[in-house]
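Let's take a friendly walk through a protein model. Keep the structure open beside you as you read.

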Amino acid sequence: MTNDAAAATEHRAYPGFRWMRRWLFRLDPEVAHDRIVRLLNLVFQLPPLTWLLSIVFARRQPQLKQEYLNLNFPTPIGLAAGFDKNGQLVRGLHALGFGFCEVGTVTLRPQSGNPQPRLWRLAEEGALINNMGFNNDGAAVIAARLAKIKQHPIPIGVNIGKNRDTPLIEAAAEYKEVLKIVYSVGDYFVVNVSSPNTPQLRELQKPNYLRELLGGLVEQGKRLALQQNSPVKPILVKLAPELDEAELKAVVAILREEGVSGVIACNTLKHTQGGTSGRPLLPYTVKMVQRLRQLLGGDFLIIAVGGILSPADVWQLFRAGANLVQVYTGLVYRGPRLPVEIQRFLLNQLRQVDAPTLQEYLSMLR
Ligand SMILES: Cc1cc2nc3c(=O)[nH]c(=O)nc-3n(C[C@H](O)[C@H](O)[C@H](O)COP(=O)(O)O)c2cc1C
């Protein structure tokens with residue numbers, strides 16, 4: 001197969017999703033997304049249908065189960081932030097083979113995001129460009145929605161950010177306020193300082209801002225855990241793919257100093273119209289994960305996201321240093337079977353390298 005042919009295959013829908021993708025791709029991308037979220041939300045409210053989905057999609061594969069930060073991940077594939085911005089899908093995502101999900105980005109006050117149109121497909125490249133700008137229902141509404149879900153079959157992350165009109169000097173206080181509102185309903189939290197679609201947000205990756213922000217959030221987390229009589233929950237940070245070597249080193253030093261539990265690499269690539277996700281991002285993700293693993297050592301949790309369109313991409317990211325992965329754009333192009341196809345591929349790879357479990361294999365690599 002030529003490289004072009006291989007790339008085209010990687011962007012193609014899995015059987016069973018082809019007709020649906022054809023229909024969805026005739027719609028405006030944001031309309032298509034909203035319809036899918038509404039449909040899944042409906043399905044997940046009907047336990048027999050969710051159960052049926054789990055029969056088709058989610059076979060338990062004990063070899064792929066992992067434990068990090070006292071959380072159990074039944075599969076290593078998570079739903080990336082931005083797909084379920086308002087926490088409407090967490091109830092049923094396990095039935096599609098996801099091992100964890102990340103809600104948000106959640107801001108203190110509800111906001112409608114940037115003007116539409118703000119989402120575009122680049123089908124030939126297996127990419128999307130988005131300029132959503134943290135459209136979400138706001139922390140209080142989302143926390144109330146998540147509080148109704150009594151059992152979490154998979155860990156729920158809450159990704160937090162700041163409102164567009166909040167000045168940078170007030171950002172640290174606002175993130176703390178958001179953390180307070182969502183603390184009881186999440187299993188882990190992600191500090192988003194890397195979306196390109198909120199003006200100046202990425203400035204928060206600079207050492208002075210980042211130290212204050214992360215230090216304050218880690219302290220706030222400890223206080224909240226004490227008040228709520230719960231264990232202290234992990235706080236992770238999500239980074240931009242464009243950080244250079246010096247910036248990455250500075251960030252890594254702060255992660256260690258402030259007691260951050262893990263890192264998510266990476267957010268979308270800055271583009272004139274917003275941020276690019278999907279295939280063009282993969283080389284950046286691989287490089288960043290490799291470098292982070294070298295800088296952070298073997299034990300630090302690294303979640304890789306960006307450009308996963310095929311199961312082989314996941315294996316490549318594991319070998320580069322990731323512990324877990326997340327997908328977004330790959331689902332748009334390939335469909336809901338992607339997590340299951342990834343699981344099947346991983347089981348096969350584990351057999352080939354003669355490793356009993358994924359966690360053992362990954363710890364052997366480090
Ligand atoms: C439409 C859209 C909205 C997104 N919204 C968010 C968001 O609110 N917060 C965030 O941290 N990342 C957001 N992302 C970034 C994804 O979580 C992910 O980091 C990025 O898309 C790369 O992964 P992918 O190539 O698998 O899509 C968004 C991505 C897309 C395509």
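What follows is a short tour of a predicted model, with its sheets, its core, its ligand shell and one residue picked out for a closer look.

## The barrel

Start with the barrel. Eight strands close up to form it, in the order 3-4-7-8-9-10-13-14, and their pairing is parallel. From one strand to the next, the twist averages 25°.

One pair to look for is strand 13, residues 301-305, with strand 14, residues 324-327; the two are parallel and share three bridges. Within this pair, Ala304 has Val325 of strand 14 as its bridge partner.

## The open sheet

There is also an open sheet, made of four strands in the order 5-6-12-11 with antiparallel pairing. Why do strand 5 and strand 11 each have one side without a neighbour in the sheet? Strand 5 (119-122) and strand 11 (269-271) stand at the edges and each has a single partner strand, so one side of each is left free of a neighbour in the sheet. The twist in this sheet averages 30° from one strand to the next.

As a reminder, strands of a sheet pair through backbone hydrogen bonds, in either a parallel or an antiparallel way.

## Following strand 6

Strand 6 (residues 127-130) is a good guide to the open sheet, and strand 5 pairs with it in the antiparallel sense over four bridges. Here Trp120 has Ile129 as its bridge partner, while Arg121 has Leu128. The two strands form a hairpin with four residues between them, and Gly126 in the turn has a positive phi of about 65°.

Strand 6 is also joined to strand 12 by four bridges, and these two run antiparallel. In this pairing, Leu128 stands opposite Ser277 of strand 12.

In a regular strand, side chains alternate between the two faces of the sheet. You can look for this in strand 6: Ala127 and Ile129 point one way, Leu128 and Asn130 point the other way, and all are buried.

## Around the ligand

How many residues surround the ligand? There are 28, and the closest are Ala80, Gly82, Ser277, Tyr328 and Thr329. Strand 4 (100-106), strand 6, strand 12 (274-278) and helix 11 (329-334) are the elements that give two or more residues to this shell. By type, the shell residues divide into 11 nonpolar, 15 polar and two charged.

## The nonpolar core

The largest nonpolar core holds 97 residues, and those with the most contacts inside it include Ile160, Val289 and Val325. Helix 6, residues 171-182, gives the most to this core, with six residues.

Try selecting Val289. Apart from its neighbours within four places in sequence, Val289 is in contact with Ala265, Ile302, Ala304, Leu317, Ala320, Gly321 and Ala322.

## A close look at Thr105

Finish with Thr105, which has its place in strand 4. Is Thr105 buried or exposed? Thr105 counts as buried because it has 26 C-beta neighbours inside 10 Å, and 20 or more are enough for that label.

Which residues does Thr105 touch once its neighbours within four places in sequence are left aside? Its contacts are Ala81, Lys85, Phe134, Asn136, Asn159, Ile160, Gly161, Asn192 and Ser195. As a last stop, find Asn267: this residue and Thr105 are 162 residues apart along the chain, and their C-alpha atoms are separated by 12 Å.

Note on methods: Residues are numbered from 1 along each chain as its sequence is written. This is a predicted model: local features need pLDDT of at least 70, side-chain atom pairs count only at pLDDT 80 or more; totals for chains, interfaces and linings use all residues. Two strands pair if DSSP finds at least two bridges between them. Axes are lines fitted to C-alpha atoms, for helices over the stretch in contact, and angles run from 0 to 180 degrees between N-to-C directions. A residue is near a molecule or strand if its C-beta atom, placed from the backbone, lies within 6 Å of it. Ala, Val, Leu, Ile, Met, Phe, Trp, Tyr, Cys and Pro count as nonpolar, Asp, Glu, Lys and Arg as charged, and the others, Gly among them, as polar. A nonpolar core is a set of buried Ala, Val, Leu, Ile, Met, Phe, Trp, Tyr and Cys residues joined through C-beta atoms within 7 Å. A residue is buried if 20 or more other C-beta atoms lie within 10 Å of its own, exposed if 12 or fewer, and partly exposed in between; C-beta atoms are placed from the backbone. Two residues are in contact if their C-beta atoms, placed from the backbone, lie within 7 Å.
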